[in-house]
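Notebook open, viewer loaded. I'm jotting down what I look up as I go.

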Amino acid sequence: MITADSDDRRRALALTPVSRETEDRLVAIVALLEKWQRTINLVAPGTLPKLWTRHIADSLQLVPLAGEVTRWVDLGSGGGFPGLVVAAALAERADADVTLVESDSRKAAFLREAARIAELPATVLPMRIEQVAPKIAAGVEIVSARALAPLPKLLELSFPFLEQGARGLFLKGQDVDNELTESSKSWRIDARITESLTDPGGRILMVNRAEPLTPAKD
């Protein structure tokens, strides 16, 4: 099986520098992912040689945008991006608490094992987002997602957190402007877009607030 490239690892960490301790945690995550990838499709196989830039650095770039937060929820964590990577970066912060929501039981099992071996401050919830979001939203500072859903649906899924004061950090593609236009038909959104460090076509949508528009009365 093709594995992550060491030169790619160096490029990734040049883009998104981390401490040696965080790098060690990330190495443990990558090693486990490569092992589990043989039986579970955690990431697209074609991205494995560039796993560090395509997945690790892509996730790490969210951490400085979030500021000095400790309570983070990642929706639809899949193979652990950005959730596991965020947890690895936040592990050095006191009281760090990262929750990964993933309804696929096999992927959730991988996330739990990765959190265990890398000693991450992470909790894995193998549940549907709609079921769990209202129960865990209080006190969350950041809600994130990567390649989860078009923005109108993503706002709906993340609204329990946004409503309680969390900010959204969503990894998106270059069509994010169109998604914002579509979302504005049913949402009032305070957001800004920043370019990805790792993908020329990638964008990061930072949502400060979002409220559903009140349906017009007849």
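I started with β4 and strand β5 (residues 167-172), which pair in the parallel sense over 5 bridges. This is a predicted model, so I keep that in mind throughout. For one concrete pair across these two strands, I noted Ser144 standing opposite Leu169 in β5. Then I followed the chain from β4 through α8 to β5 and logged a right-handed β-α-β crossover.

Next I looked at the other neighbour of β4. β1 pairs with β4 over 4 bridges, in the parallel sense. Here I picked out Trp72, whose bridge partner in β4 is Ile142.

How many residues of strand β4 (residues 142-146) are buried? I got 5 of the 5, so the strand is largely enclosed by the rest of the structure. I also checked which way the residues point: Ile142, Ser144 and Arg146 go one way from β4, Val143 and Ala145 go the other way, and all are buried. I put a mark beside Arg146, a charged residue on the buried list.

Zooming out to the whole sheet.

I count it as an open sheet of 7 strands with mixed pairing, in the order β3-β2-β1-β4-β5-β7-β6. Why do β3 (122-125) and β6 (187-195) each have one side without a neighbour in the sheet? They stand at the edges with a single partner strand each, so one side of each is left open in that sense. For the twist, I have neighbouring strands turned by 20° against each other on average, direction ignored.

At the β3 edge, I found 4 bridges joining strand β2 (residues 97-101) to β3, and the two run parallel. Leu100 has Val124 in β3 as its bridge partner. I then looked for helices on this part of the sheet. Helix α5 (residues 83-90) packs there, touching β1 (71-75), β2 and β3, with its direction at about 170° to that of β2. Helix α7 (residues 129-136) also packs on the sheet and touches β1, β2 and β3; for its direction against β2 I wrote down about 160°.

Back to the crossover helix.

Where is the kink in helix α8 (residues 151-163)? I place it at Leu157, about 50°, shortly before the proline Pro160. Both Leu157 and Pro160 are on my list of buried residues of α8, which also includes Leu151, Leu154, Leu155, Phe159 and Phe161. Just after α8, I flagged Gly165 for a positive phi of about 105°.

I also checked α8 against helix α9 (residues 176-183): the axes come within 8 Å and cross at roughly 65°. On the α8 side the contact is made by Leu151, Pro152 and Leu155, and on the α9 side by Glu179, Leu180, Glu182 and Ser183. By class I have 4 nonpolar, 1 polar and 2 charged residues in that contact.

Last entry, a loop residue.

Thr16 lies in the loop between α1 (6-15) and α2 (20-36). Is Thr16 buried or exposed? At 8% relative accessibility it counts as buried, because the cut-off for buried is under 20%. Leaving out residues up to four places away in sequence, I list Ala57, Leu60, Gln61 and Leu197 as what Thr16 touches. I also took a distance from Thr16 to Val207: 22 Å, C-alpha to C-alpha, with their positions 191 residues apart in sequence.

Conventions. Residues are numbered from 1 along each chain as its sequence is written. This is a predicted model: local features need pLDDT of at least 70, side-chain atom pairs count only at pLDDT 80 or more; totals for chains, interfaces and linings use all residues. Side-chain values use heavy atoms; hydrogens and water are left out. The bend at a residue is the angle between axes fitted to the seven residues ending there and the seven starting there. Buried means under 20% relative accessible area, exposed over 50%, partly exposed in between (1.4 Å probe, protein chains only). Axes are lines fitted to C-alpha atoms, for helices over the stretch in contact, and angles run from 0 to 180 degrees between N-to-C directions. Contact means heavy atoms within 4.5 Å. Two strands pair if DSSP finds at least two bridges between them. A crossover is right-handed if, with the strands pointing away from the viewer, the path from the first strand over the helix to the second runs clockwise.
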